[in-house]
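Please look through the structure below before reading on, and keep it in view while the text moves from the chain as a whole to particular places within it.

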Amino acid sequence: MNKIFLSFLSILIISWSCSQPTDNQSVSEKTATQSKFALAIHGGAGTIKRENMSEEQEAEYRAKLKEALDAGYAVLESGGEALDAVIAAVKVMEDSPLFNAGKGAVFTNEGKNEMDAAIMDGRDRNAGAVAGLTTVKNPITAALAIMENSPHVFMTGAGAEVFAKEQELELVSQDYFYTDFRFQQLEKIRETEKTQLDHSSLLELELQDPFFKDRKFGTVGAVALDKNGNIAAATSTGGMTNKRYGRVGDVPIIGAGTYADNATCAVSATGHGEFFIRTVVGHEIASQMRYGNKSLEDAANDVVMKQLVEMGGSGGIISIDRMGNIAMPFNSEGMYRGYRKADQEAQVFIYKDEN
C-alpha cells in the first residue's frame with residue numbers, strides 16, 4: 001500500500017513540476033503578448049520648400065519635431081498607453097509657436113485664435129473632440145477630458161470652455177496665443193482678399209500664390225502603437241487663417257481628420273479640411289483595409305494621392321496599424337513629419353524628396 005502511495009505521489013510531483021513554466025518559457029510567453037511599439041507625428045503640410053526656409057528655421061523645426069517624437073516614445077518605452085503617447089507628442093507641438101496649434105494658432109477674420117482638437121482610442125473607438133476653444137492652453141487635453149469624463153463625443157465654443165474649466169484644465173488668457181508671425185499672416189491675407197472679390201479670382205490666387213494657399217494648412221498630430229497592441233490618434237489645429245462664420249475643419253470630425261480602430265489603423269490628417277471632410281479620409285483608409293483587404297500603405301496612398309488629388313484637395317496624413325507599419329503620404333510640396341520605432345532613433349523629415 002505504501003509503495004502504491006509513494007508511486008502515486010511521485011507521479012503527482014512530476015506532473016506538477018512539468019506544468020510549471022521555466023524562466024525561458026515565462027520570457028517567451030511575455031514576449032508573445034507584446035507588440036513592438038512605434039509612433040509617428042506631423043506638424044502640418046503645405047508649400048514647404050528648401051528655398052523658402054533658412055538653415056536656422058529648418059534646424060528649429062527638426063529639433064521640435066524630434067522633441068515631440070521623444071516625448072511620445074518615452075511613454076511607449078516605459079510601457080505606457082498609445083493614448084498617453086499621442087497626447088505627450090501633441091502637447092509639445094501645441095506649446096511651440098512653430099505650428100498652427102495651441103501657442104502658434106492662426107487668427108480668424110475677427111483677429112481671434114480659435115482651436116480644434118480630437119483624440120480617439122483604437123481599443124473601443126471611444127473618442128473626444130472640441131472646436132472653437134479660445135482659453136484652453138492645450139486643446140488636446142480638452143478632447144481627452146470629453147472622451148473620458150463626459151457622455152458626449154464633441155463639444156464646441158462656450159460650452160466646451162465651461163466643461164474645460166469644470167475639469168480643471170489649464171486655462172490661459174487669449175493673449176497667450178498671440179504671435180507676431182501669425183498676425184502678420186492675417187494682415188497680408190486680409191489685404192489680398194480686398195482686391196480679390198469673387199470666388200473664381202480667389203481660386204486663381206490660390207493656384208498662383210503659395211502663401212495664400214497655405215492659409216488652409218497647419219495642423220499637428222500623432223498616431224501610436226503601444227506594447228499591448230493598442231493604437232490611438234490625436235490631432236490639434238488653429239484652423240484656417242482668416243476663417244469666418246464659425247468654420248470648423250476636418251480635425252475634430254471623427255472619421256475625417258482623426259480616426260483609430262485596432263482592427264485597422266490610426267490616422268491623423270493635415271490639409272485643406274473641406275476636402276478631407278468630404279472624403280472622410282481617416283475612415284476611408286480604414287474601410288479599404290477592412291473591406292478591401294488592402295495594406296495600410298496602399299489604402300493611404302489611394303485616398304491621399306488619388307482621391308484627394310482628383311477632388312482638388314491638398315495635404316497629407318500620418319497613419320499606423322497594429323503591426324507597427326507606418327504610412328505618411330502627402331500630395332503637397334512638403335509636410336513636417338517623423339516617426340520613431342522601438343529601439344530605433346527618431347527620423348524627422350520636411351521636404352518631398354526625403355524618405
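Contact here means that heavy atoms lie within 4.5 Å of each other. With that in mind, and remembering that this is a predicted model, consider the contacts in the chain whose separation is 6 or more: residues 24 or more positions apart account for 68% of them. The chain has 12 helices and 12 strands, and of its 355 residues, 53% are buried.

A place to begin is T219, which UniProt lists, in an unreviewed entry, under "active site". This residue is in strand 5, which covers residues 219–225. Is T219 buried or exposed? Because buried means under 20% relative accessible area, T219, with a relative accessible area of 5%, counts as buried. Once its neighbours within four places in sequence are left aside, T219 is in contact with H42, G43, G44 and N100, with T235, S236 and T237, and also with V251, A269 and T270.

One of those partners, T270, leads to a second annotation, since the unreviewed UniProt entry lists R247, V248, G249, D250, T270, G271, H272 and G273 under "binding site". Among them, R247 is found in the loop that runs between strand 6 (231–237) and strand 7 (258–260), and its relative accessibility of 18% places R247 in the buried class. Not counting residues up to four places away in sequence, R247 touches G239, M240, G273 and E274, and G273 is itself one of the listed "binding site" positions. G271, another of the listed positions, lies in strand 8, which spans residues 265–271, and G271 too is buried, at 6% relative accessibility.

The last stop is a pair of helices. Two packed helices are described by the angle between their axes and the distance between the axes. For helix 11 (residues 281–292) and helix 12 (residues 296–311), the axes come within 8 Å and cross at roughly 135°, which means that helix 11 is oblique to helix 12. The crossing in which helix 11 passes helix 12 is right-handed. Which residues in the two helices meet? From helix 11 there are V281, E284, I285, Q288 and M289, and these meet L296, A299, A300, D302, V303, Q307 and L308 in helix 12. Sorted by class, this contact of helix 11 with helix 12 has eight nonpolar residues, together with two polar and two charged ones.

Conventions
Residues numbered from 1 in each chain as written. Predicted model: local features only at pLDDT ≥ 70, side-chain atom pairs only at ≥ 80, totals over all residues. Heavy atoms only, no water. Axes fitted to C-alpha atoms, helices over the stretch in contact; angles between N-to-C directions. Helix = DSSP H or I, 4+ residues; strand = E, 2+ residues; numbered from the N terminus. Parallel < 35°, antiparallel > 145°, perpendicular 65-115°, else oblique. Left-handed = near helix turned anticlockwise from the far one by under 90°. Nonpolar A, V, L, I, M, F, W, Y, C, P; charged D, E, K, R; others polar. UniProt positions renumbered as here; feature names shortened; annotations may be inferred. Buried < 20%, exposed > 50% of the residue type's maximum accessible area, 1.4 Å probe, protein only.
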